[in-house]
Structures are given as C-alpha cells and as structure tokens.
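Grab a pencil and work through these exercises with the structure open beside you. Try each task on your own, then check the worked solution.

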Amino acid sequence: MSPRAGHAGHPPRTLAFVESPVQLLNVLEWAHLHGLRGAQPDPLPATDPLPSVPAQVRRTVAGNPPQTGAELTVVVLSPTDPMSRGQLRRMADLARDEGYRVRWEEARGGTTAPFSTIGGLAGALRKADRIVMGDPFSRYVQLLLTITRAKDLVVVDDGTATMEFVAQLARGERLVRWHRKGGRPGARDLLFAPVSSSARRRLTPSARRRVEVFSSMPVTETPDGVTVTANDFSWTRARFGPPRITKGADMVGTSLVETGVVDGDRYLEAVRTLARTHGATRYFAHRRESADKLHRLAAETGLEIVRPDLPLELIARRGPIGRTVLSFPSTVVHTLPLALAGTGVRVAVCDIDPAWLTENASPRAQGFLSGVTGTARDVHRLAAVSPSLA
C-alpha cells in the first residue's frame with residue numbers, strides 16, 4: 001500500500017497505535033518501506049524518566065533526513081510493566097531520530113486514564129486518513145477503531161498473534177487471542193462483544209475501506225481483499241550491524257509460562273537441558289517473564305540472564321550474538337533469520353512437548369505452537385527435549 005492522497009491541501013495523515021516495543025519496531029519497518037515522512041516530535045512527559053538510547057545506538061540512526069511522503073504520528077498506549085515501558089522509551093527515541101512524531105499516552109494510569117486517552121485522541125482519529133495498529137486484539141485499539149473515519153487500515157506484526165488474527169478474519173470468527181481460545185467468554189468479554197464485532201467489521205475490506213497486513217509471519221489464509229506486504233526488516237539491517245559473532249550459543253526466553261500455557265517446572269528443566277546440550281551461556285529474557293522465574297533460572301541453570309533494552313531483533317543485529325540462537329516456538333524464529341540475514345548466525349527452535357502444557361492451556365495450544373515452528377523459514381528444528389522431573 002503506497003501513500004495515497006489525503007484531503008485536499010495536505011498529505012495523508014497516518015496515526016499508528018502501539019502498545020509494545022515490537023509493534024513500534026514494525027511500524028518503523030512499515031514506514032521505511034512505504035516512504036513516510038515525520039513531523040516535529042512532541043516531548044515525552046516529565047513523569048517516569050528513563051535513560052535514553054545508548055549513544056552508540058543513537059549514532060547509527062541520528063542525522064537521517066526525514067522521508068518524503070505521508071505524515072506519520074506514533075501514539076504509544078503505554079503499558080504498566082517497567083520492562084515494556086523502558087523498551088518503548090528507547091524505541092520512541094529511535095522513532096524521533098527518524099523524524100517521526102511520537103505521542104506518549106499514559107493509557108493505563110488509573111481508572112480514568114482510558115476515558116482521558118480516548119477523549120484526547122478523538123479529534124486526531126477523526127482527521128486521520130490511515131490507521132496503523134500493532135494489536136487488533138487489543139480492546140483499546142478496538143475502541144479507537146469505532147471512532148476513526150480512516151479509509152486505510154494497516155495491521156503490523158505483533159508476533160505470532162498476527163497469524164491467528166489473519167486466520168480468524170478469513171474465517172469470519174470473533175477476534176480472540178490463540179492462548180485464550182476454547183474457554184468460556186467472561187463477563188467482560190460479553191460486555192465488550194459489540195465493540196469487538198464492530199472492530200472485526202471495520203477490519204474487513206470493502207469498497208470504501210482498504211486493509212493491509214504487514215508481516216514477517218507466514219500468512220496462509222488471506223482474507224478476500226486484504227493486501228499482505230512482507231516485512232523483511234530492511235530498516236533494521238540498514239541501521240544496525242552487522243554484529244560481532246561469538247563462538248557460543250545464546251537462548252531466547254518466552255512468556256509461555258506467564259500466559260499459563262506451559263508448566264513452569266517443565267520449562268525450567270527444558271531450558272537446563274538445552275543449555276547443557278548446546279553450550280548456551282546467556283538467556284535473553286522476554287519482557288513479560290516474571291522476576292521470580294528469572295531468578296530461579298539463573299540459580300538452577302547457571303545462565304546469565306540478560307534483560308534487553310530494545311527488541312531482540314535490534315539487540316541481535318547490534319551484537320555480540322552467539323553463532324547459534326536457541327528458541328522455543330515464538331515470533332523470533334521468524335524474525336531473527338530476517339534481521340540476521342547474511343551474518344552466518346543459526347537460529348534453532350525446540351518443539352514444545354505436549355507433556356509441558358498446563359491443564360488450563362487452550363485446546364489449540366499444541367497445534368498453534370507446532371504451526372509456528374513448522375512454518376518458520378531458515379531455522380534448524382530441534383526435537384523436543386525430554387527432561388526428567390523425577
């Protein structure tokens with residue numbers, strides 16, 4: 001989808017809504033591909049100060065001239081957990097260095113915050129010609145979609161959830177995250193159902209509305225009329241690296257325990273077995289992994305726990321990074337081979353043994369996770385380890 005003419009007298013106005021660092025990274029990739037330009041940035045609020053992006057990172061992006069084309073403003077609907085906020089602050093710095101405007105919203109800062117945020121964004125939503133979103137499952141985003149009159153809607157990657165979103169849209173199903181599917185809808189789900197249904201209708205292409213999915217994930221069920229554009233991480237590769245490659249192996253963490261899909265003890269034993277078998281020394285924590293779980297991993301496996309200050313695709317591209325990167329089924333088995341193309345780094349993915357799943361895991365969990373692994377390109381597939389818990 002190339003930038004189209006907006007209203008008479010101004011270029012297309014694009015609003016992007018992000019709630020995670022990876023979503024903001026993929027907005028930058030999408031904007032880079034489509035040649036969007038920025039505007040003068042808004043300052044971050046004085047609250048919750050965090051260090052800026054390290055100087056050596058900023059030097060790799062500073063000084064790039066603003067791109068020509070449609071105008072982009074990125075709206076950060078800030079989460080509450082500190083690790084996500086920290087990574088988002090640093091990604092916001094990179095977006096500003098690219099010339100884009102960033103508007104930081106304390107969208108979850110109390111009971112009245114959602115009303116204040118939505119009310120403050122209503123005018124911009126009505127004027128926008130294009131809406132870019134990182135998470136169509138987000139109730140926040142779904143509410144915002146009921147306000148906008150934009151004729152162009154773009155969904156950028158939010159990890160493996162993008163695969164499920166496209167499949168659900170193609171089948172005309174209600175929008176439900178894969179790890180929750182199969183359970184009974186709660187009271188809040190039923191209350192929000194009309195908004196979710198409205199969002200699904202708005203995300204369905206029509207004669208008056210265009211929909212694009214920008215993704216590095218495999219899209220096997222393309223809804224009629226949806227344009228699918230491949231994300232090859234060209235912005236990341238142009239701005240960072242190539243990295244220094246170490247001789248050892250690194251491991252990538254996952255939040256499957258935190259989301260209730262995988263048993264914590266089984267996961268710890270699997271990590272220990274993989275680290276011992278492949279000589280891994282570092283463990284890159286997922287931003288949603290709990291502190292207690294990470295402390296236990298460090299104590300019982302001997303791995304160095306690394307809390308990345310940027311999305312892993314950027315961390316790996318900057319380096320140093322191990323010659324082998326070990327992962328369980330997750331987004332990175334699709335994105336890291338693209339970000340690290342030409343470097344010689346091998347990405348290896350370990351299957352999830354059905355015995356690791358919790359009793360509360362969605363009935364679809366095993367099939368979905370196997371699909372994430374099976375559709376990954378340019379990765380080495382490892383059989384599920386069989387740790388003993390005796």
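**Exercise 1. Find which residues M91 is in contact with, leaving aside its neighbours within four places in sequence.**

Step 1. Keep in mind that you're looking at a predicted model.

Step 2. Skip everything within four places of M91 in sequence; what's left is P21, L24, L25, L28, L310, P311 and L314.

Step 3. Now put M91 in its setting. The largest nonpolar core has 42 residues, and M91 is listed with V27, W30, L72, V74, L314 and L336 as touching the most other members. Helix α1, residues 21-34, gives the most to this core: six residues.

Step 4. Don't stop there, as a second, separate core holds 30 residues, L125, V141, L153 and V213 among them.

**Exercise 2. Work out the strand order of the open sheet of seven strands, and say which strands stand at the edges.**

Step 1. Trace the sheet across: the order is β3-β2-β1-β4-β5-β6-β7, and the pairing is parallel.

Step 2. Look for strands with a single partner. These are β3 (101-105) and β7 (227-230), so each has one side without a neighbour in the sheet.

Step 3. Check the turn between neighbouring strands: ignoring direction, it averages 20°.

Step 4. Zoom in on one pair. Strand β2 (residues 71-77) pairs with β3 over five bridges, in the parallel sense. Within this part of the sheet, V76 stands opposite W104 in β3.

Step 5. Add the helices. Helix α3 lies across β2 and β3, and runs at about 155° to β3. Helix α4 (residues 113-127) also packs on the sheet, where it touches β1 (13-18), β2, β3 and β4. The direction of α4 makes about 145° with that of β1.

**Exercise 3. Do the same for the open sheet of six strands.**

Step 1. Read off the order, β10-β9-β8-β11-β12-β13, again with parallel pairing.

Step 2. Pick out the edge strands: β10 (304-306) and β13 (380-382) each pair on one side only.

Step 3. From one strand to the next, the twist averages 30°.

Step 4. Look at a pair inside the order. Strand β8 (residues 245-252) runs parallel to β11 (residues 321-327), and five bridges join them. Here you'll see M251 opposite L326 in β11.

**Exercise 4. Is R85 buried or exposed? Which side chain does it meet in a polar contact?**

Step 1. Locate R85: you'll find it in helix α3, residues 82-97.

Step 2. Compare its relative accessible area with the cut-off. The value for R85 is 10%, and buried means under 20%, so R85 is buried.

Step 3. Follow the side chain of R85 to its partner, E106; the polar contact between the two side chains is 2.9 Å.

**Exercise 5. Classify F137 and G342 as buried or exposed.**

Step 1. Place them. F137 sits in the loop between β4 (130-133) and α5 (139-145), while G342 belongs to the loop between α12 (332-339) and β12 (346-350).

Step 2. Use the cut-offs. F137 has a relative accessible area of 8%, which is under 20%, so it's buried. G342 comes out at 87%, and exposed means over 50%, so G342 is exposed.

Step 3. Now compare sequence with space, C-alpha to C-alpha. F137 and R200 are 63 residues apart in sequence and 9.5 Å apart in space. For G342 and P242, the separation is 100 residues in sequence and 8.7 Å in space.

**Exercise 6. How many residues of helix α6 are buried, and what follows the helix?**

Step 1. Take α6, residues 161-171, and count: nine of its 11 residues are buried, which leaves the helix mostly covered.

Step 2. Name some of the buried ones: they include M163, F165, V166 and L169.

Step 3. Move just past α6 to G172, where phi is positive, at about 70°.

**Exercise 7. Zoom out and describe the whole protein chain.**

Step 1. Tally the secondary structure: 13 helices and 13 strands.

Step 2. Of the chain's 390 residues, 54% are buried.

Step 3. Take the contacts with a separation of 6 or more: 75% of them are between residues 24 or more positions apart.

Step 4. Finish with the accessible surface, about 16,500 Å², of which 51% belongs to carbon and sulfur atoms.

Key:
Residues are numbered from 1 along each chain as its sequence is written. This is a predicted model: local features need pLDDT of at least 70, side-chain atom pairs count only at pLDDT 80 or more; totals for chains, interfaces and linings use all residues. Side-chain values use heavy atoms; hydrogens and water are left out. Helices (H or I, at least four residues) and strands (E, at least two) are DSSP runs, numbered from the N terminus. Buried means under 20% relative accessible area, exposed over 50%, partly exposed in between (1.4 Å probe, protein chains only). A nonpolar core is a set of buried Ala, Val, Leu, Ile, Met, Phe, Trp, Tyr and Cys residues joined through side-chain atoms within 4.5 Å. Contact means heavy atoms within 4.5 Å. Accessible areas come from the Shrake-Rupley method with a 1.4 Å probe; for residues, only the protein chains shown count as cover. Two strands pair if DSSP finds at least two bridges between them. Axes are lines fitted to C-alpha atoms, for helices over the stretch in contact, and angles run from 0 to 180 degrees between N-to-C directions. A polar contact is a pair of N or O atoms within 3.5 Å; within protein, one must be able to donate a hydrogen and the other to accept it, and residues adjacent in sequence count only if both atoms are side-chain atoms.
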